Each structure stands twice: as structure tokens, then as C-alpha cells.
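Work through the following exercises with the sequence and the coordinates at hand. Each task is followed by a solution in steps.

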Amino acid sequence: MARARAIKERVANVVSYCTHRVTNGVAEGMNSKIMSIKRRVGGFRNRQNLETAIFFYCGGLKLDSQ
């Protein structure tokens, strides 16, 4: 019964994927990376420091200056 309900609740999403072939996988991956940054650092004093860390790690920036 629970499986049938779960499938019924998600039919619209499945049909949408089959029609458009678009998923939120990229957004989920980015969210996962941001969450790992937050866990690694253990907290930020302010939002600007968090944004800087996200840009640094997700933007592919390097620490060395060449």
C-alpha cells in the first residue's frame, strides 16, 4: 500500500522527466558540495565568509598566486 501511494505521488515527476529530460542533479550536487564546505570549516562568523568559501571551492580557485 505504501509503495503504491509513493508511486502515485511521484507519477507527475516521472512524466515530467520523460517529457523534458531535465533533473535537479546539478543543483543537488552543488548543494552537497556547499554542505561539505560548511562541515569542513565548522562555522562562519558571517554570511560573507561563507559566500567567499563557496566561490573559492566551487569556482575552482587556487590558493597559490601565479
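**Exercise 1.** Find which side chain meets E9 in a salt bridge, and classify both partners by exposure.

*Solution.* The model is predicted, and side-chain atom pairs count only at pLDDT 80 or more.
Step 1. The partner of E9 is R10, with an N to O distance of 4.0 Å.
Step 2. A salt bridge needs a side-chain nitrogen of Lys or Arg within 4 Å of a carboxyl oxygen of Asp or Glu.
Step 3. E9 has a relative accessibility of 55% and therefore counts as exposed, since exposed means over 50%.
Step 4. R10, at 46%, is partly exposed.

**Exercise 2.** State how many salt bridges the structure holds, and describe the one that E51 forms.

*Solution.*
Step 1. The structure holds 2 salt bridges.
Step 2. E51 pairs with R47, and their closest N and O atoms are 3.3 Å apart.
Step 3. Both residues belong to helix α3, which spans residues 47-58. They are 4 residues apart, about one turn of the helix.
Step 4. R47 is exposed because its relative accessibility is 63%. E51 is partly exposed, at 29%.

**Exercise 3.** Decide which residues form a nonpolar patch on the surface, and place V15 in the fold.

*Solution.*
Step 1. The patch consists of I7, V11 and V15, which together have about 270 Å² of accessible area.
Step 2. V15 lies in helix α1, residues 2-20.
Step 3. A patch residue needs over 30% relative accessible area. V15 has 47%, so V15 counts as partly exposed.

**Exercise 4.** Determine how many disulfides a search of the whole structure finds, and give the exposure of C18 and of C58.

*Solution.*
Step 1. A disulfide is a covalent bond between the sulfur atoms of two cysteines.
Step 2. The search of the whole structure returns 0 disulfides.
Step 3. C18 is partly exposed, with a relative accessible area of 47%. C58 is also partly exposed, at 27%.

**Exercise 5.** Compare two residue pairs by sequence separation and C-alpha distance: A2 with C18, and M35 with I54.

*Solution.*
Step 1. A2 and C18 are 16 residues apart along the chain, and their C-alpha atoms are separated by 24 Å.
Step 2. A2 sits in helix α1 and is exposed, because its relative accessibility is 55%.
Step 3. M35 and I54 are 19 residues apart along the chain, with 9.7 Å between their C-alpha atoms.
Step 4. M35 is placed in helix α2, residues 25-41. At 36% relative accessibility, M35 is partly exposed.

**Exercise 6.** Describe the chain as a whole: what are its secondary structure, its dimensions and its burial?

*Solution.*
Step 1. The chain has 3 helices and 0 strands, which gives the pattern α-α-α along the sequence.
Step 2. The radius of gyration is 19 Å, whereas a compact globule of 66 residues would have one near 11 Å.
Step 3. Along the principal axes, the C-alpha atoms fill a box of roughly 55 × 25 × 15 Å.
Step 4. Buried means under 20% relative accessible area, and 8% of the 66 residues count as buried.
Step 5. The accessible surface of the chain is about 6,200 Å². Carbon and sulfur atoms account for 57% of that surface.

Methods. Residues are numbered from 1 along each chain as its sequence is written. This is a predicted model: local features need pLDDT of at least 70, side-chain atom pairs count only at pLDDT 80 or more; totals for chains, interfaces and linings use all residues. Side-chain values use heavy atoms; hydrogens and water are left out. Patches are made of residues with over 30% relative accessible area and no salt bridge: like charges are joined within 9 Å, nonpolar side chains (Val, Leu, Ile, Met, Phe, Trp, Tyr) within 5 Å. Accessible areas come from the Shrake-Rupley method with a 1.4 Å probe; for residues, only the protein chains shown count as cover. Helices (H or I, at least four residues) and strands (E, at least two) are DSSP runs, numbered from the N terminus. Buried means under 20% relative accessible area, exposed over 50%, partly exposed in between (1.4 Å probe, protein chains only). A disulfide is a pair of cysteine sulfur atoms within 2.5 Å. The radius of gyration is taken over C-alpha atoms; the globule rule is 2.2 Å times the number of residues to the power 0.38.
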